[in-house]
Amino acid sequence: GTGTLTVNNAGLVAAGTIQSPGIIDIGTLGTVDAKGGTLIGNVFNDGTFDPLGTATVDGGFTLNPDGTLSLDVAGTGPDQYGVLAVSDFGTFDGTLSLDFIDGFAPLKGDVFDFINDPGGAGFNWAGIDILGLQPGFEYSTNFSNGQFTLTALNNGVSSSPEPGTLLLLGTSLVILGLGLRWRRNGLVSAGSSE
């Protein structure tokens, strides 16, 4: 089956205790939408884990090859992009999906601390998917001192139009539609050279 578990605003989901964690298993069609919430237990993800702001896992975290860690990026400031904080060892064998949203595009030199795991981590990504940017964005990744970071090597270009562009496009389409309607109803007359 499918299902979504939402853990927001300091919400807590526990399987066992911090001293004796149980297992939280996210199936292939499951999603955990963790925006500022905490999960106590060892998390095994075959589905989608999707934080915005910091999601905390008090225990281990395993991103299996079929699983996705999906992080939205709306800016460089605190709580503007998804962060996964893991207290025990993390294993990352699935896909990291980074979705640059709301027209945000990183600038050269911007650094994002996406994963904090002082307990250590192993990374063998199945792939890193960049969404919301035009092709050509270059980046480097690094894991040191318990942090997995991504650094922009050039300026990214958003693939979604700016809100002002959408307003201008909408206004233009309305004017064009009115012009066609007036012409169809005979309200606009064309000059003739008779």
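A residue is called buried when its relative accessible area is under 20%, exposed when it is over 50%, and partly exposed in between, with a 1.4 Å probe and protein chains only. By this rule Asp33 is buried, because its relative accessible area is 19%.

The structure described here is a predicted model, in which local features need a pLDDT of at least 70 and side-chain atom pairs count only at pLDDT 80 or more, whereas totals for chains, interfaces and linings use all residues. Residues are numbered from 1 along each chain as its sequence is written, and side-chain values use heavy atoms, with hydrogens and water left out.

**Overall composition**

The chain contains one helix and 18 strands; these are DSSP runs numbered from the N terminus, with at least four residues for a helix (H or I) and at least two for a strand (E). Of its 194 residues, 38% count as buried. A contact requires heavy atoms within 4.5 Å. Among the contacts with a separation of 6 or more, 60% join residues 24 or more positions apart.

**The two sheets**

Two strands are taken as paired if DSSP finds at least two bridges between them. An open sheet of seven strands follows the order E2-E5-E8-E11-E14-E18-E17, and its pairing is mixed. Strand E2 (12-14) and E17 each have a single partner strand, so these edge strands are left without a neighbour on one side. On average, neighbouring strands of this sheet are turned by 20 degrees against each other, direction ignored; the axes are lines fitted to C-alpha atoms (for helices over the stretch in contact), and angles run from 0 to 180 degrees between N-to-C directions.

Five strands make up an open sheet with parallel pairing, in the order E3-E6-E9-E12-E15. Its edges are strand E3 (23-26) and strand E15 (121-123), each with a single partner strand, so one side of each lacks a neighbour in the sheet. Here the average turn between neighbouring strands is 10 degrees, direction ignored. Within this sheet, strand E9 (residues 61-63) and strand E12 (residues 90-92) run parallel and are joined by three bridges.

The following table lists bridge partners from both sheets.

| Residue | Bridge partner | Strand of the partner |
|---|---|---|
| Phe61 | Gly90 | E12 |
| Leu84 | Ile115 | E14 |
| Val111 | Thr151 | E18 |

**Strand E14 and Phe112**

Strand E14 is joined to strand E11 (residues 82-86) by two bridges, and the two run parallel. With strand E18 (residues 147-152), E14 pairs in the antiparallel sense over five bridges. Asp113 stands opposite Thr149 in E18.

Phe112 belongs to strand E14 (residues 111-116). Because its relative accessibility is 0%, Phe112 counts as buried. Beyond residues up to four places away in sequence, Phe112 touches Val73, Gly75, Thr76, Tyr81, Phe104, Pro106, Phe148, Thr149 and Leu150. Phe112 and Thr141 are 29 residues apart in sequence, and their C-alpha atoms are 9.6 Å apart in space.

**Aromatic pairs**

Rings of Phe, Tyr and Trp (its six-membered ring) pair if their centres lie within 6.5 Å; planes under 30 degrees apart count as stacked, over 60 as edge-to-face and the rest as tilted. The whole structure holds 16 aromatic pairs. One of them joins Phe100 and Phe137 edge-to-face, at 6.0 Å centre to centre and 70 degrees between the planes. Phe100 lies in strand E13 (residues 95-100) and Phe137 in the loop between strand E16 (127-131) and strand E17 (139-144), so the pair ties together parts that are 37 residues apart in sequence. Phe100 is buried, with a relative accessible area of 2%, and Phe137 is likewise buried, at 12%.

Ring pairs also link Phe49, Phe61, Phe92, Phe123, Trp125, Phe143 and Phe148 into a cluster.

**Charged side chains**

Side chains of opposite charge can pair when their charged atoms come close. A salt bridge is a side-chain nitrogen of Lys or Arg within 4 Å of a carboxyl oxygen of Asp or Glu. The count comes to one salt bridge, in which the side chains of Asp33 and Lys35 meet at 2.3 Å, N to O. Lys35 counts as partly exposed because its relative accessibility is 24%.

Asp50 occupies the loop between strand E7 (48-49) and strand E8 (53-58). Asp50 is buried yet has no salt bridge, and the nearest side chain of opposite charge, Lys35, is 4.1 Å away; Lys and Arg count as positive and Asp and Glu as negative, while His and the chain ends are not counted. Apart from neighbours within four places in sequence, Asp50 contacts Val32, Asp33, Ala34, Lys35, Ser70 and Asp72.
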